[in-house]
Amino acid sequence: MSFPLRFRTPASWTAAVMADFDRFLLDHAAAEKKAAGMAVSMLSHYPDRTELVTAMADLAVEEMSHFREVVKILHSRGLQLARDEKDAYVLAMRAAVRNGSDDYFLDRLLVGGIIEARGAERFGLVAEALADAPLKRFYQSITRSEERHYALFVDLARRYFPEPVWRARLDELIDIEADVASRQADRPALH
């Protein structure tokens with residue numbers, strides 16, 4: 001699947017991650033935990049949307065499984081979880097979410113998908129840069145998962161909204177994301 005991203009993550013980001021991979025792992029664990037929480041929030045907010053509830057329940061389980069795997073890697077390296085930090089990228093993307101029942105729902109779906117697409121791109125860059133075979137395979141697997149998650153959110157938008165509506169808003173949000181992503185400092189964190 002091709003991603004809708006209009007800003008390519010620079011090589012300097014990958015270099016920052018590789019220079020402090022332990023710190024990246026800590027951020028990755030936090031990101032997986034937050035993604036699981038977002039999925040639970042979505043299904044709690046929209047209990048009447050059967051397809052969404054099923055999809056978000058499955059997504060929450062998968063994200064927690066990823067969290068568990070990253071925690072195992074952390075522990076194998078003698079690290080422990082750290083406090084979650086605010087994610088400026090995610091906060092900026094959430095700021096783009098409009099008010100109003102339908103607008104809010106559509107934007108949450110599309111922003112969720114775009115965040116997953118950015119994760120797929122960046123986890124793919126990490127996988128390419130890693131020399132350690134087990135870690136490389138893990139990040140290749142995580143990349144494929146993020147690709148599926150992007151597709152899931154877009155499929156849900158398709159299910160609940162007319163194509164001209166969701167496509168036009170996706171286009172706007174992709175522009176917003178490119179601006180947000182381009183202003184992020186290179187650091188050993190997913191965003």
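Start by selecting histidine 28 in this predicted model and showing whatever touches this residue. Leaving aside neighbours within four places in sequence, histidine 28 is in contact with Val70, Phe123, Phe138, Tyr139 and Ile142. Colour those five partners and keep them on screen for a moment. Histidine 28 itself is found in helix α2, which covers residues 21-45. Is this histidine buried or exposed? Its relative accessibility is 0%, and with the cut-off for buried set at under 20%, histidine 28 therefore counts as buried.

Next, select all of α2, residues 21-45, together with helix α3, residues 50-76. Val70, one of the contacts of histidine 28, lies within the residue range of α3. It helps to recall that two packed helices are described by the angle between their axes and the distance between the axes. For α2 and α3, the angle is about 160° and the axes are 8 Å apart. That makes α2 roughly antiparallel to α3, because angles over 145 degrees fall in that class. Turn the view so that one helix is in front of the other: α2 passes α3 in a left-handed crossing. What kinds of residues make up the contact of α2 with α3? Colour by class and you will find 21 nonpolar, 2 polar and 4 charged residues there.

Now move to another helix pair. Select helix α1, residues 11-19, and helix α5, residues 101-129. The axes of α1 and α5 come within 10 Å and cross at roughly 60°. The two helices are therefore oblique to each other, and their crossing is right-handed. To see who meets whom, show side chains for Trp13, Thr14, Val17 and Met18 in α1, then for Arg122, Leu125, Val126 and Ala129 in α5. These two groups of residues meet each other. By class, the contact of α1 with α5 has 6 nonpolar, 1 polar and 1 charged residues. While α5 is selected, look for Phe123, which appeared earlier among the contacts of histidine 28.

Your next stop is aspartate 175, in helix α7, residues 163-182. Its relative accessible area is 44%, so aspartate 175 is partly exposed. Draw a distance from its C-alpha to that of arginine 6: the two residues are 169 apart in sequence, and their C-alpha atoms are 7.0 Å apart in space.

Carry on along the chain to alanine 185, placed in the segment after α7. With 52% relative accessibility, alanine 185 counts as exposed. Try a second distance here, to alanine 127. This pair is 58 residues apart in sequence and 21 Å apart in space, C-alpha to C-alpha.

Finally, clear the selections and zoom out to the whole protein. How many helices and strands are there? The protein has 7 helices and 0 strands, and from the N terminus on the elements run α-α-α-α-α-α-α. Along its principal axes, the C-alpha trace spans about 45 × 30 × 30 Å. A compact globule of 191 residues would have a radius of gyration near 16 Å, and the protein has 16 Å, which agrees. Colour by burial and you will see 47% of the 191 residues counted as buried. A contact map makes a nice last view: among contacts with a separation of 6 or more, residues 24 or more positions apart account for 82%.

Definitions and conventions. Residues numbered from 1 in each chain as written. Predicted model: local features only at pLDDT ≥ 70, side-chain atom pairs only at ≥ 80, totals over all residues. Heavy atoms only, no water. Axes fitted to C-alpha atoms, helices over the stretch in contact; angles between N-to-C directions. Helix = DSSP H or I, 4+ residues; strand = E, 2+ residues; numbered from the N terminus. Parallel < 35°, antiparallel > 145°, perpendicular 65-115°, else oblique. Left-handed = near helix turned anticlockwise from the far one by under 90°. Contact = heavy atoms within 4.5 Å. Nonpolar A, V, L, I, M, F, W, Y, C, P; charged D, E, K, R; others polar. Rg over C-alpha atoms; globule rule 2.2 N^0.38 Å. Buried < 20%, exposed > 50% of the residue type's maximum accessible area, 1.4 Å probe, protein only.
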